[in-house]
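Trainee: Mind walking me through this one? I'd like to get the terms straight as we go.

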Amino acid sequence: ESETKEDLHLPTGFKKLDKVFSGGLKKKTLTVLGARPRVGKTSWCQQVILNIAKQGKVCLFASLEVSNKQVYDKFVSINKSIPAWKIARKKLNQAELIDYNISKQELKEINDFIFVLDASQSIKQIEAMVKQHIAKRKLDLLVVDYIQIIKRENHNKSINISEATAIKDITSSLKQIAIKYNIAVLGLAQLNRNGTDAPTMNDLKSSGGIEEDADRIIILHRQEDKNGILEDNGTFNIAKNRLGASK
């Protein structure tokens, strides 16, 4: 049975991006979101996960930097636009407390569509989880936060593998996972800290493998003022779109 366009694409909920991507994240492909530290790439991808889960699509979030509880609190925060620091410090006012409880209830309702893997994992362990999910139910989207901290496989400790080669192995594997299991894969990636100009694809750390394997690369950027404060709104640069025109 052939899939429809709706089955093949997972709308992110960001209308301009979905338009450029002809409907959203596409199955059997690897999309990479690159950003410098503190810009908000994890928050953005958690918003995407929420949007896709609310469409009844199953998402696996490999959160390799923070704990399951921190991820859950962030979902609660993003779902109702409650400041995350207020949840962490229990500083919610009455209106925010009402929104907090509503948000938790809404998350319960999509509990069967969001799964979090929150320990440091190798690519083989991540693939094993993907396989396990598909065997038990289904899976539409894998999100990895972030590519450069996926544990390296210890094939042979006597061989010194460069970081660029290790990243290339990981991005190749992520692309193969997307194809093999018929899912969309969204991988987050760190950009180099250097420079105040808008970053490009070349600023991706150990970028060769990422540039080669990714079907799409999005660069998220937020300007800093002279005091190092980031502006509220970021900009997206579609640095690579193998499946359509760049913008």
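Mentor: Sure, terms first: a polar contact is a pair of N or O atoms within 3.5 Å, where within protein one must be able to donate a hydrogen and the other to accept it, and residues adjacent in sequence count only if both atoms are side-chain atoms. This is a predicted model, so local features need pLDDT of at least 70 and side-chain atom pairs count only at pLDDT 80 or more, while totals for chains, interfaces and linings use all residues. Residues are numbered from 1 along each chain as its sequence is written, and side-chain values use heavy atoms, with hydrogens and water left out.

Trainee: Which side chain makes a polar contact with the side chain of asparagine 241?

Mentor: Asparagine 241 also has a side-chain polar atom 3.5 Å from the backbone oxygen of valine 20, but that's backbone on the other end. The side-chain partner, at 3.3 Å, is arginine 216.

Trainee: Is asparagine 241 buried or exposed?

Mentor: Buried means under 20% relative accessible area and exposed over 50%, with partly exposed in between (1.4 Å probe, protein chains only). Asparagine 241 comes out at 7%, so the label is buried.

Trainee: Which strands stand at the edges of the open sheet of seven strands?

Mentor: Strands here are DSSP runs of E, at least two residues, numbered from the N terminus, and two strands pair if DSSP finds at least two bridges between them. The order is S5-S4-S6-S7-S3-S8-S9, with mixed pairing. Each edge strand has a single partner, so one side is left without a neighbour in the sheet; these are S5 (114–117) and S9.

Trainee: In which sense do S6 and S7 pair?

Mentor: Valine 144 stands opposite glycine 187 in S7. Over four bridges, S6 (residues 141–145) and S7 (residues 184–190) pair in a sense that is parallel.
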